[in-house]
Amino acid sequence: MSRVLRFCCLPAIVLALAAAAQAAPAGLDQNGKPDLKSAGALAFGPKGVLFVGDPQGAQIVAIDVGTAPKDPIGGNFKLEGADQKIAALLGTKADDITINDVAVEPGTNIAYVSVARGKGPSAEPAIVRIDGKGNVTTLPLDKVAYAKVALANAPAAGATDKKGQSLRSGVITDLAFVDGKLFIAGLSNEEFASKLRSIEFPFKGADTGASVEIFHTNHNAVETRSPVRTFVPFNVGGQPQILAAYTCTPLVTFPVADLKAGQKVHGKTVAELGNRNQPIDMIVYEKDGKQFLLLSNSARGMMKISTENIDKQPALETKVPDKAGLTYETIQGLENVDQLDKLGNANALVLSKGTLSAIALP
């Protein structure tokens, strides 16, 4: 090969390498605008892939988040007025937005926030990211690599329960990605409404999910219609399980192996954490060789729950006036936490009263 030919080929080689470096993550087979109707629960999957729950669209959208900002969030991070900064970025005021979820990208420690601008089903969705210097920027969604999958048997748009509350908003209440599968909690349009779905990624399609029921110890009844509010994947006695929290506030385990499409699965209630309370967000972490849950709640503060004897805990199948089963410690100073996610192995990122800050795991 002549010297001239070799030099002429260099630009092509450089361009090919650059294109390869910028290639979208595997499984994202579309390019353009994902057409989100709403942005709710978030979860990270394979590197660079953010799963977005879109309850109004009754779909899950996987999005390429691209190259992360250079400044990761550290253990001393604090951004006061994060809600105001997000609202200003979206051209409105803090009272006009709802922050639906906060997720930290593993490895980069950049926070991603799902937001509704406006109120009700017509609110405009947005996703913003926040770096360690407190910079708040939008995640561009006009031209992005993505994939989406529609959820079968979702409640119809505009459907409401007996109290007039939207059923469609509950079609996706929480997400988690583990071992190549995305787990989805929420409601269906069936009489046995509460669902736990699992979808393989890359997406091939969504089945009808497993119908899940629990014995609700505070209500003294079997519950089939109330959805899981928040959950984490968790091993119980070496067996993969979903550890889920419901309103008023039973904590329940479901073996992953039982969560097959069309099955009806009865969960094991391992704790009643107190009535007149709604769980908001939950993480699992390890400290001093032991595993704990950190659960934020609407009325009972932040709970640190030991899982040491969870496999030995008998199922609660009778009425409980207040609390029973696994015990917890209330963490003082962490009241009013609206969102929660792990920040590495030693910290968590919490949103409380509009302020986003890092805390040491208790």
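**Figure 1. Secondary structure of the chain: two helices and 28 strands.** The radius of gyration in this predicted model is 21 Å, close to the 21 Å that the globule rule gives for 362 residues, so the chain is as compact as a globular protein of that length. Taken along the principal axes, the C-alpha atoms fill a box of roughly 85 × 45 × 45 Å.

**Figure 2. Burial, contacts and exposed surface of the chain.** Of the 362 residues, 51% count as buried, with buried meaning under 20% relative accessible area. Among contacts with a separation of 6 or more, 55% are between residues 24 or more positions apart. The exposed area of the chain is about 16900 Å², and carbon and sulfur atoms supply 49% of that area.

**Figure 3. The second largest pocket, holding about 700 Å³ of space.** Its lining consists of 28 residues. Ala176, Pro233, Ile283, Asp341 and Lys342 are the lining residues that lie nearest the centre of the pocket.

**Figure 4. Strands that line the second largest pocket.** Two or more lining residues come from each of β2 (42-44), β6 (97-104), β11 (174-178), β16 (230-236), β21 (279-287) and β26 (337-343). The element that gives the most is β11, with five residues.

**Figure 5. Residue classes in the lining of the second largest pocket.** The lining divides into 18 nonpolar, four polar and six charged residues. Of the residues nearest the pocket centre, which include Ala176, Pro233 and Ile283 as well as Asp341 and Lys342, the former three belong to classes counted as nonpolar and the latter two to classes counted as charged.

Notes:
Residues are numbered from 1 along each chain as its sequence is written. This is a predicted model: local features need pLDDT of at least 70, side-chain atom pairs count only at pLDDT 80 or more; totals for chains, interfaces and linings use all residues. Side-chain values use heavy atoms; hydrogens and water are left out. On a 1 Å grid over the protein atoms alone, a cavity is a set of points where a 1.4 Å probe fits but cannot get out, and a pocket is an open set with protein on both sides within 12 Å along at least five of seven lines; lining residues have an atom within 4 Å of a point. Grid points are joined across faces, edges and corners, and a volume is the space filled by probe spheres set on the points. Helices (H or I, at least four residues) and strands (E, at least two) are DSSP runs, numbered from the N terminus. The radius of gyration is taken over C-alpha atoms; the globule rule is 2.2 Å times the number of residues to the power 0.38. Buried means under 20% relative accessible area, exposed over 50%, partly exposed in between (1.4 Å probe, protein chains only). Contact means heavy atoms within 4.5 Å. Accessible areas come from the Shrake-Rupley method with a 1.4 Å probe; for residues, only the protein chains shown count as cover.
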